Amino acid sequence: MIEVKHLRTLSVLRDTGSLTATATTLCLTQSALSHQLKDLEQRLGGQLFLRKTRPVKFTAEGEILLRLADELIPRIAKAEHELASLKEDINGRLHMAIECHSCFQWLMPALKEYQIHWPSVTLDFSSGFGFEPLPALGAGELDLVITSDIQPRSEVHFEPLFDFEMRLVVSPQSPLADKPFISPQDLADQTMLSYPVQKGRLDVVKHFLQPADVEPSHWKQADNTLMLVQMVSAGLGVAALPNWAIYDFARQGLVVSKPLGDGLWRRLFAAIRASERDRHYLQAFFATAKQQCQTHLEGIKAA
């Protein structure tokens, strides 16, 4: 009997105070508006408002419908907005940069699971090592950055994924393999192996070596985790890697892992634009990534 258009019409009539202004606001002719209101009054069996009053005065029946309009119209508008957002989410874009070479180890399985539920979200990758990804995120060139490097920005939201420990991996034959923990001074005469990243962006440098004013004697770079572990195992140097990335290698006896000082724990984040943090497809990615990491990675902690 009562339709949403009737509630909208009565709400506008109350706001404007006249039938002429209501017709203009709703883009209706005076005749169409009058027909709609008379039709509703016939259905209800009573008048909704008093004609020829300015502003319009509503009857008891009209007041009941106005209260209903005040309750339902905002809820309908909210539902319409959520449906539109969900439709946009279904066809969203997730163009990401990864500031962590080892992250591919857990990211690929997580994305495979994610795509099962969000097949229409377009995925793409950019290297996070040859440029500054956070400004690119703010500019809309990227949608998400996997990083452990917090750079507070009002326009960026950092979603915590998990906590992990950076550990030093050494050859089983290295004298460092017998130490209970590694101090910064222990690395002064070592060859430090790392990913092809600027030294200043490495966690072991920023949070372990620099505060102690220690510089390793030599640096060498390798493109991926497996190559770094093989070089360490061969006695070509030492490397600081996430505990979950080297767990299997240490268990097999290929390398020995040691804590850096009292333990160098870091937190991994997914950085997104703050204005988009409530998007369904981004929240789904966070949930999938956290679940996959907790299930498959050794030694990590929930953030």
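1. Asp70 is partly exposed in this predicted model, with a relative accessibility of 40%. Its salt-bridge partner is Arg14, and the closest N and O atoms of the two residues are 2.8 Å apart. Arg14 likewise falls into the partly exposed class, its relative accessible area being 33%. Because Asp70 belongs to helix α4 (residues 60-90) and Arg14 to helix α1 (residues 4-16), the contact ties together parts of the chain that are 56 residues apart in sequence.

2. A second pair to inspect is the salt bridge between Arg51 and Glu41, in which the closest N and O atoms are again listed at 2.8 Å. Arg51 sits in the loop between β1 (49-50) and β2 (57-58), whereas Glu41 is part of helix α3 (residues 30-44), and the two are ten residues apart. The partners belong to separate accessibility classes: Arg51 is partly exposed at 32% relative accessibility, while Glu41, with a relative accessible area of 11%, is buried, because the buried class takes residues under 20%.

3. Asp149 and Lys206 form a further salt bridge, with 3.3 Å between the closest N and O atoms. Asp149 comes from the loop between β5 (144-147) and β6, and Lys206 from helix α7, so this contact ties together parts that are 57 residues apart in sequence. The relative accessible area of Asp149 is 23%, which places this residue in the partly exposed class.

4. Beyond these individual pairs, a search of the whole structure returns 19 salt bridges. Some of the salt bridges share partners, and in this way Arg93, Asp143, Arg273, Glu276 and Arg279 are joined into one network.

5. Helix α7, which carries Lys206, also takes part in a strand-helix-strand arrangement. Strand β7 (residues 191-194) pairs with strand β8 (residues 218-221) in the parallel sense, over four bridges. Between these strands the chain passes through helix α7 (residues 203-209), and the resulting β-α-β crossover is right-handed. Within the strand pair, Met192 stands opposite Trp219 of β8.

6. How many cavities of 30 Å³ or more does the model contain? The count comes to one cavity, and about 420 Å³ of space lies in the largest cavity. Its lining is made up of 26 residues, of which Glu99, Tyr195, Arg201, Leu202 and Asp203 are the closest to the centre. Strands β6 (156-170), β7 and β9 (238-242), together with helix α7, are the elements that give two or more residues to this lining. The crossover elements β7 and α7 are therefore also elements of the cavity wall.

7. Which element gives the most residues to the lining of the largest cavity? Strand β9 does, with four residues. In composition the lining divides into 16 nonpolar, five polar and five charged residues, and the residues closest to the centre include Glu99, Arg201 and Asp203 as well as Tyr195 and Leu202.

8. A last point concerns Pro180, which lies in the loop between β6 and β7. With a relative accessibility of 63%, Pro180 counts as exposed, because that class takes residues over 50%. In space, C-alpha to C-alpha, Pro180 is 7.8 Å from Pro259, although 79 residues separate the two prolines in sequence.

Terms used
Residues are numbered from 1 along each chain as its sequence is written. This is a predicted model: local features need pLDDT of at least 70, side-chain atom pairs count only at pLDDT 80 or more; totals for chains, interfaces and linings use all residues. Side-chain values use heavy atoms; hydrogens and water are left out. Two strands pair if DSSP finds at least two bridges between them. A crossover is right-handed if, with the strands pointing away from the viewer, the path from the first strand over the helix to the second runs clockwise. On a 1 Å grid over the protein atoms alone, a cavity is a set of points where a 1.4 Å probe fits but cannot get out, and a pocket is an open set with protein on both sides within 12 Å along at least five of seven lines; lining residues have an atom within 4 Å of a point. Grid points are joined across faces, edges and corners, and a volume is the space filled by probe spheres set on the points. Ala, Val, Leu, Ile, Met, Phe, Trp, Tyr, Cys and Pro count as nonpolar, Asp, Glu, Lys and Arg as charged, and the others, Gly among them, as polar. A salt bridge is a side-chain nitrogen of Lys or Arg within 4 Å of a carboxyl oxygen of Asp or Glu. Buried means under 20% relative accessible area, exposed over 50%, partly exposed in between (1.4 Å probe, protein chains only).
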